[in-house]
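Let's take a friendly walk through the charged pairs and cysteines of this protein. Have the sequence and the structure open as you read.

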Amino acid sequence: MGKAKNPDTPNYKKYGVPLYGSAWAPSVIINDSPQQLDRKPEADEVSGEGSTPPPTSTTYLVFSGGGGEGRSGIPNSLLLAEFDYASNSLSDMPVFKLGTGADLPYRMAVHPGGEGLICSLPKSCKWFQWDEIKTEEVHKQGLKLSEKVLTHLEDAGQQLALTFNNDGSMLAVGGELQDGNLRVFKWPSMENVLSEAQAHSTLKDLDFSPDGKFLVSLGSGGPGRVWDLTSSTVAASLLKENDEAFGFCRFSQTNDKNQVLYITAARDRGACIVTWNTTTWKKLGSKKIVRDSISAFSVSADGKFLAVGTIQGDIVIVNSASMQVQAVVRQAHLGIVTTMRFSQDSRALVSASMDSSARVTLIKEKKKNGFSLRIIIFMVIVGIALYLMVAMGVDHSSSTVSFFTYGKS
């Protein structure tokens, strides 16, 4: 199981502002020869079957957060931090900061093709581009506000959910104003695909299916909805139990490449993950995961792991095949876990909190049945040795035979 949080571990850092959004930078924008970090190789590691060895290069993580519009003195900004797989360590400080003035960058979505990222501000959404910074001493990535204006999202109010589909050809957004307005656009043209002004009372979460044909939306009340994007109509309603409140939704794929949908649900006796069939849109099962409310949720790209963050700051990793808890990091953060995201290669999980902390938990390789196989090999070798010794004893020493055949008589 997981280990309790140790603030001194190099994979846990505080960056000075409450954090609400997190993402891994796409591999296409990462420097081919990034500066390596000098850190101690200590960190949380979660055992996972079938994982591939971690890369040795440094990558970037993006965080959004701040103190809001008040006079707290806490700046609102987008942050870039470096993470080194080899030593499992985060940079002590952000390697880049971009202030957003009085506007709190709440949620964000990074374009999978490396074009940039969209960020939800209190009254609108803005588009930011990657900005490579090169000097004689430094070669790193930064961000800059794009000249591209997202006209359809100007004065749209706070958007609580933003997501691109897998190939980055569509963008879905949903907010708390205008009766939970749900909108889907083609990217980058911003041509309208779907616009539903009363999708939910308040829209809480969105996710595209892996094939891009469906979009699931969850609101603060009523059932979840499945949208057929080819016809821009409701394909199904996802009904909840009387004591359920849906929280987050994520599509994934099973080992046999079938699509599956996971939805977190709060119940009177704890929080669970509900699994749905994506053909019939019926429930396949439900599993209680934690007693506390789930405040963040992510599914690994390879479909093997689910991760939840709680209001108590815990991180729980679940094996999707068995729906059993694989590891727990108690008090991974001192405050509520506000965001978490698996890396594109499913080797690591980033999480962040309102307490300004960020953490990366590695999914460590664990060879299936490796321990049992070693025992079998050892027993075979011992058996061969005993056989040879007994055979030699028959020819040269009757006492040896007596020793190894004792107990059979």
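We can begin with a lysine. K186 is partly exposed, at a relative accessible area of 39%. Its side chain meets that of E191 in a salt bridge, with 3.8 Å from N to O. E191 is partly exposed as well, its relative accessible area being 43%.

Before going further, please keep in mind that this is a predicted model. The average pLDDT of the protein chain is 86, and 84% of the residues reach at least 70. Residues 1-5 have a pLDDT below 50, and in the model this stretch makes 20 contacts beyond near neighbours in sequence. Residues 32-42 also fall below 50 in pLDDT, with 33 contacts beyond near neighbours in sequence.

**Salt bridges**

How many salt bridges does the count come to? The total is nine. Three of the pairs are set out here, including the one we began with.

| Pair | N to O distance | Relative accessibility |
|---|---|---|
| K186 and E191 | 3.8 Å | K186 39%, E191 43% |
| K283 and E241 | 3.2 Å | K283 31%, E241 41% |
| D345 and R347 | 3.2 Å | D345 32%, R347 19% |

Take the pair K283 and E241, whose side chains meet in a salt bridge at 3.2 Å. Where do these two residues lie? K283 belongs to strand β23 (residues 283-290), while E241 sits in the loop between β19 (233-238) and β20 (245-253), so their salt bridge ties together parts that are 42 residues apart in sequence. Both ends count as partly exposed: K283 has 31% relative accessibility, and E241 has a relative accessible area of 41%.

The pair D345 and R347 also has 3.2 Å from N to O. Is each partner buried or partly exposed? D345 is partly exposed, at 32%. R347 is buried because its relative accessible area of 19% is under the 20% cut-off.

Which residues are joined into one network? Salt bridges with shared partners link E241, E244, R267 and K283. The pair K283 and E241, described above, thus has both of its residues in this network.

**Cysteines**

If you are thinking about disulfides, the count for this model is zero. Two of the cysteines can be placed by how accessible they are. C249 is buried, with a relative accessibility of 0%. C272 is buried too, and its relative accessible area is 1%.

Key: Residues are numbered from 1 along each chain as its sequence is written. This is a predicted model: local features need pLDDT of at least 70, side-chain atom pairs count only at pLDDT 80 or more; totals for chains, interfaces and linings use all residues. Side-chain values use heavy atoms; hydrogens and water are left out. pLDDT is the predictor's confidence in each residue, from 0 to 100. Contact means heavy atoms within 4.5 Å. A disulfide is a pair of cysteine sulfur atoms within 2.5 Å. Buried means under 20% relative accessible area, exposed over 50%, partly exposed in between (1.4 Å probe, protein chains only). A salt bridge is a side-chain nitrogen of Lys or Arg within 4 Å of a carboxyl oxygen of Asp or Glu. Helices (H or I, at least four residues) and strands (E, at least two) are DSSP runs, numbered from the N terminus.
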